[in-house]
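Student: I would like to go through this model one element at a time. Where should we start?

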Amino acid sequence: MPFIASLLRRVYLSLSELAWSALLVILVAHLVASYLLFLLAGEGDLVGNPVDFLYYYMVTATTVGYGDLSPKSGFGRIITIMVVLPGGIAIFTAVLGKLLTAIGTIWRNRMRGLGDYSERAGHIIVLGWQEGQTYQTLRLLHSERHANEPMTVLVAKDLPENPASNYADYIRTERLADADALLRAGVAQARAIIARGANDDETPAAVLIAEDHAPNAHIVAYFADDRTAQMVKQRRPRVEAVGSLAEELLSRAARDPGSSEIAARLLSAASTDTAFSLAVPPLHTPLSYGDVFLSLKRRHNVTLVGMLSHGVTDLNCRDETLMQGGDTLYYISGIRLDPAAIAWARMGDVT
């Protein structure tokens, strides 16, 4: 019969590969056979209560052997020696081996970039890998990662395994502009995306895909050519395009010695004092920049240096400039401020 032949073939394959279904069938068969044999041997203490029998079977199969339940008759002890012990230990060892193998496979797949982080939320995604630069980016992101923040996810092309497993999880892809890879990286609920392709032609394509699939994420993209960065800023206002500042730093340092060191400290996560941003929450009444400046300095020992309001960044605000909910403040501090620790309602009281 074709049906019986097909069934036997499936059974044979399951047994030969020791599939979970085959293990379950073997376990149930051995459990039932052991129960019936003990019942035949008259071991009432073992088979009188199903819970007691399962308890005895498990402690015997796992070689724990508490001794509070045991066969009383010689036939019952022979059953334990010939059937329960060897069969139970073999099944337990097989189950444990398959579990360890499955865990090892999951770990190896994650290292090879085959994992799935689509359910992750509130994390940062880094697109592209450049030896040295990207590793440093991941290290800096990790150094500022708070206790409850999910691990960063790196999406890169054709790396055999995760090159920075201490700092990020890894998704392997054939191209950066790959929607499936971004979905596996959890792009839908990511809070920020950093894109840096192998060149300025690859980066915009990755940015476009990221914009389509990450409606709420802040997107930062690096471009070697500053003109490309300016073009992206104009055409994709949601993207924060970053170009090389080497020429500006060189010319400024020549006229203002030490300015390059100041810029490096403001941008370095490892610096004692560096620049941070702070979103202004909804306010009952607008606050003056001067009052907020003095309040933050006196109560939190931070220096306010600028404000982003209505898409315009001002690094030298007048004291009477008003700020409202939704604006962004930039400040210099040794640590990032906890927004919950700021008493916005008392900002006007700076005496």
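Tutor: We start with a term: contact means heavy atoms within 4.5 Å. Keep in mind that this is a predicted model.

Student: Which strands does helix 8 lie across, and at about what angle does helix 8 run to strand 5?
Tutor: Helix 8 covers residues 202-213. With contact taken as heavy atoms within 4.5 Å, helix 8 lies across strand 1, strand 2, strand 4, strand 5 and strand 6. The angle of helix 8 to strand 5 is about 175°.

Student: What is the order of the strands in the sheet with parallel pairing?
Tutor: This is an open sheet of 6 strands. Strand 5 and strand 6 are one parallel pair, over 5 bridges, and in that pair I219 stands opposite V239. The order is 3-2-1-4-5-6.

Student: Why is one side of strand 3 and of strand 6 left without a neighbour in the sheet?
Tutor: In the order 3-2-1-4-5-6, look at the two ends. Strand 3 (168-173) and strand 6 each have a single partner strand, so one side of each has no neighbour in the sheet, and the place where both stand is at the edges.

Student: At about what angle does helix 9 run to strand 6?
Tutor: Helix 9 spans 226-235 and strand 6 spans 239-243. Helix 9 lies across strand 5 and strand 6. Its angle to strand 6 is about 165°.

Student: Which residues touch the most other members of the largest nonpolar core?
Tutor: That core has 26 residues. Elements giving two or more residues to it include strand 1 (124-127), strand 2 (152-157) and strand 4 (192-195), as well as helix 7 (179-184). One of the best-connected members, V155, is in contact with I125, L127 and I171, among others beyond four places in sequence. The residues asked for are I125, L127, V153, V155, I171 and I193.

Student: How many residues are in the other core, the one with L287 and Y331?
Tutor: That core lies apart from the 26-residue one. Its members include L287, L296, L304 and Y331. The count is 18 residues.

Student: What is the order of the strands in the sheet with antiparallel pairing?
Tutor: Strand 7 is joined to strand 12 by 6 bridges, with T274 opposite S333. Strand 12 (residues 328-333) also pairs with strand 9 (residues 303-309) over 5 bridges, where M307 stands opposite L329. Strand 9 is in turn joined to strand 10 (residues 312-314) by 3 bridges. The order is therefore 7-12-9-10.

Student: Which residue takes a positive phi in the hairpin of strand 9 and strand 10?
Tutor: S309 has V312 as its bridge partner in strand 10. There are 2 residues between the strands of this hairpin. The residue with a positive phi, near 55°, is H310.

Student: At roughly what angle do the axes of helix 2 and helix 4 cross?
Tutor: Two packed helices are described by the angle and the distance between their axes. Here the axes of helix 2 (residues 20-40) and helix 4 (residues 50-61) come within 11 Å, and the crossing is right-handed. The crossing angle is roughly 115°.

Student: How many residues of that contact are nonpolar, polar and charged?
Tutor: From helix 2 the contact takes L27, H30, L31, S34, Y35 and F38. These meet F53, L54, Y56 and Y57 in helix 4. The division is 8 nonpolar, 2 polar and no charged.

How values were computed:
Residues numbered from 1 in each chain as written. Predicted model: local features only at pLDDT ≥ 70, side-chain atom pairs only at ≥ 80, totals over all residues. Heavy atoms only, no water. Core = buried A, V, L, I, M, F, W, Y, C linked by side-chain atoms within 4.5 Å. Buried < 20%, exposed > 50% of the residue type's maximum accessible area, 1.4 Å probe, protein only. Helix = DSSP H or I, 4+ residues; strand = E, 2+ residues; numbered from the N terminus. Axes fitted to C-alpha atoms, helices over the stretch in contact; angles between N-to-C directions. Left-handed = near helix turned anticlockwise from the far one by under 90°. Nonpolar A, V, L, I, M, F, W, Y, C, P; charged D, E, K, R; others polar.
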